[in-house]
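Trainee: Could you take me through the salt bridges of this model in detail? I would like to know which residues pair and where they sit.

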Amino acid sequence: MTPSDASHNRWSDLDRPPLNVPALRRGLLRPDGLWSTLDVVDTTGSTNSDLAGRAAGLTEGAVLVAEEQTAGRGRLDRTWTAPARSGLFLSVYLTPGAVPVQRWGWLPLLTGVAVAAGLAKSAGVDTALKWPNDILVTIEGEERKTGGILAERAGDGVVIGIGLNVSLRADELPAPTAASLALAGAVSTDRETLLRGVLRSLEHWYGKWRAADGDAAASGLQEAYVAGCATLGRSVRAQLPGDRTLTGEAVAIDGDGRLVLSTGDGLQEPVSAGDIVHLRGAGGGLT
C-alpha cells in the first residue's frame, strides 16, 4: 500500500473510527418510532442533495449519513467540508402531513433546538443557536460556529441537513470563527453516541410539534428556541434578499419563526430570511 492509499484507508486515523451501522440501526430503528431507514455512505457530495433526489421514493424518517462530504452545502450555497469521520454529516426526510405548510418554516429552528438538547446530553457541551440555523459554542469567551442546519423542500416533505464539527483539531478548522465539539471541551466525541442523541432529540421535538399541528407556542418549541437563541438581545445586521441590509436589535422570535428587529426609527420589522451578523458578540467580536 502506498502512502497515498494509506491516507484514504478508512482506518488510517484511529482516533476517528467508522460508524457501526448495525449498532446504530438497532438503537434507532423501532417499529413505533420516527426513523424508518438509516444508511451510511463512505463519501458523497451532499447528503441533502442525495435524499432530495430520491424524495419521491422515500418514506418519512429516512436518514442518510456520510463519513465524508465533498460538497456539503450551507445557507447561501456556502460549502461545508471537513476531514473524513471528523464530524456528523447527515440528512433526514420528514413529511409533516397535516401540519399547515405555512408552519413548516419552524422545522430548521426545531432542528436547532433538538441538536442543542441532544448535544447537551450526549456531549456535555453547552451550545447556543444563532438564528436561523447555526450551532454555536463558546471557547475562551468567543462564540464560534460548530454546526449548521439546512432545510429544503423535496417531494411531499422536507429534507433537513445537519453538519457538526466533532473532532476537528485547531489546525483543521476551515476558518478562525469555526470550532469543534472537541475544542469546546466535549466529554464525549464518540460519533455514534452523538448521532443517537441528536436523532432521539429530533424525534422528541418533531413529535411534540406535529401533535400540536405545528403550533410552535402550544408545543413549547417557541419558548425553547427563545431560551437558547444567542441572537436575541443583540445588535445585528441582516443581509436580506435583493441586496437589502437592515440593522437593529433582535428583540423577538414571532409565531412564524421570524426574527423581529427593532430598528433605529422605532419600527419593528420581522425578518423571514437573511444572513445575520452579530454586531455585539460575546467578547465584543462579530459573529
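Mentor: Happy to; here is a walk through the salt bridges, with a word on confidence at the start.

This is a predicted model, in which local features need pLDDT of at least 70 and side-chain atom pairs count only at pLDDT 80 or more, while totals for chains, interfaces and linings use all residues. Residues are numbered from 1 along each chain as its sequence is written, and side-chain values use heavy atoms, with hydrogens and water left out.

On confidence, pLDDT is the predictor's confidence in each residue, from 0 to 100. The protein chain averages 91, and 90% of the residues score at least 70. Residues 1–8 stay under 50, and the model gives this stretch four contacts beyond four places in sequence (a contact means heavy atoms within 4.5 Å).

Now to the pairs themselves. Side chains of opposite charge can pair when their charged atoms come close. A salt bridge here is a side-chain nitrogen of Lys or Arg within 4 Å of a carboxyl oxygen of Asp or Glu. The structure holds twelve of them.

One of these joins Glu203 and Arg30, at 3.2 Å from N to O. Glu203 belongs to helix H5 (residues 191–211), whereas Arg30 is in the loop between helix H2 (21–28) and strand E1 (37–41), so the pair ties together parts that are 173 residues apart in sequence. Helices (H or I, at least four residues) and strands (E, at least two) are DSSP runs, numbered from the N terminus. As for accessibility, buried means under 20% relative accessible area, exposed over 50%, and partly exposed in between, with a 1.4 Å probe and protein chains only. Glu203 counts as buried at 15%, and Arg30 is partly exposed at 36%.

Lys145 and Asp134 also meet in a salt bridge, again given as 3.2 Å from N to O. Lys145 lies in strand E8 (residues 142–154) and Asp134 in strand E7 (residues 134–139), eleven residues apart. Here Lys145 is partly exposed, with a relative accessible area of 30%, and Asp134 is buried at 13%.

Next comes Arg234, which forms a salt bridge with Glu143, their closest N and O atoms being 3.1 Å apart. Arg234 sits in the loop between helix H6 (221–228) and strand E10 (235–240), and Glu143 in strand E8, so this pair ties together parts that are 91 residues apart in sequence. Both Arg234 and Glu143 are buried.

Finally, Arg16, Arg169 and Glu172 are linked in a network of salt bridges.
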